[in-house]
Structure formats: structure tokens, C-alpha cells
Amino acid sequence: MAAKRELNLNNVVIECINILEYNPDELFNVVVTRAFASLQKILELVQHTLTDRGSIWAMKADITQAELAAVPCGYEIISTARENFEEARCLIKLMPFHELK
């Protein structure tokens, strides 16, 4: 929250709430999340907060090919970025297929 204030990011919304209880007034173009479930489960749980062209940026520890392959039809894995940390970390960007056209 301090970064939002210090950088004067007026178009950023920070919510600390269980996703099952969250119903935003306006849908989001991007949802950034830390790892709390598989990619498939994250998509299932946050989809109601996204616009029809909204994307998810999921920060996760090391991810398996099986988890990547389990992403449901209709979403494309745009990139997986790994950083040089002692522990594996990556950022997975998921976007609806129609956004790629």
C-alpha cells in the first residue's frame, strides 16, 4: 500500500480480502496474485473479477509442466519469467485467446 501512495498510483486498487467474498464494483483489466492455488484454480476463483479481456499475472514458485498444461481452454500462457533467486520464482501471464488477435 505504501508503494501505491509513494508512486501516486491513483488507478491501482489494493484489496486484502478472501477472493470468495470479493465482488468489485468495477471489473479489472489485470489481476496480480501471489500463489495461493494452482493456475487452474486461480483462474476459476478470480474470473468473476475480470473484464472479458482481462488478464491474470500470477506470481508463483517453481511451476511444473503439468500445471501449465492444466490451464483451461480459452486462456493462453503469454510468458513465464524466472528470476535469479536461490529459490525458484516465476511470473505467469494469462490472457484470454481473443486478446491475442
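**View 1. Y22, a buried residue with an aromatic partner.** In this predicted model, Y22 is tucked away from the surface: its relative accessible area is 12%, so it counts as buried. Just one aromatic pair turns up in the count. Its members are Y22 and F28, and their rings are stacked, with 6.4 Å from centre to centre and 15° between the planes. Those two values are what you need here, because a pair of aromatic rings is described by the distance of the centres and the angle of the planes.

**View 2. E67 and its neighbours.** Look for E67 in helix α3, which covers residues 65–69. Is E67 buried or exposed? With a relative accessible area of 16%, E67 is buried. Leaving aside residues up to four places away in sequence, E67 touches A37, S38, L39 and K60. Zoom in on L39 and you'll find its backbone nitrogen 2.8 Å from a polar atom of the E67 side chain. K60 joins E67 in a salt bridge, 2.9 Å from N to O, and both of these residues are buried.

**View 3. A salt bridge within helix α2.** The model has two salt bridges by count, and this one links the side chains of E44 and K41, at 3.2 Å from N to O. Why are E44 and K41 separated by about one helical turn? Because they are three residues apart in helix α2 (residues 39–46). K41 is partly exposed, with a relative accessible area of 36%.

**View 4. A charge over a ring.** Here the charged end of K93 sits over the ring of W57. The distance to the ring centre is 4.6 Å.

Terms used:
Residues numbered from 1 in each chain as written. Predicted model: local features only at pLDDT ≥ 70, side-chain atom pairs only at ≥ 80, totals over all residues. Heavy atoms only, no water. Helix = DSSP H or I, 4+ residues; strand = E, 2+ residues; numbered from the N terminus. Buried < 20%, exposed > 50% of the residue type's maximum accessible area, 1.4 Å probe, protein only. Polar contact = N/O pair within 3.5 Å; in protein donor to acceptor, adjacent residues only side chain to side chain. Contact = heavy atoms within 4.5 Å. Phe/Tyr/Trp six-rings, centres within 6.5 Å; stacked < 30°, edge-to-face > 60°. Lys NZ or Arg CZ within 6 Å of the ring centre and 35° of its normal. Salt bridge = Lys/Arg side-chain N within 4 Å of Asp/Glu carboxyl O.
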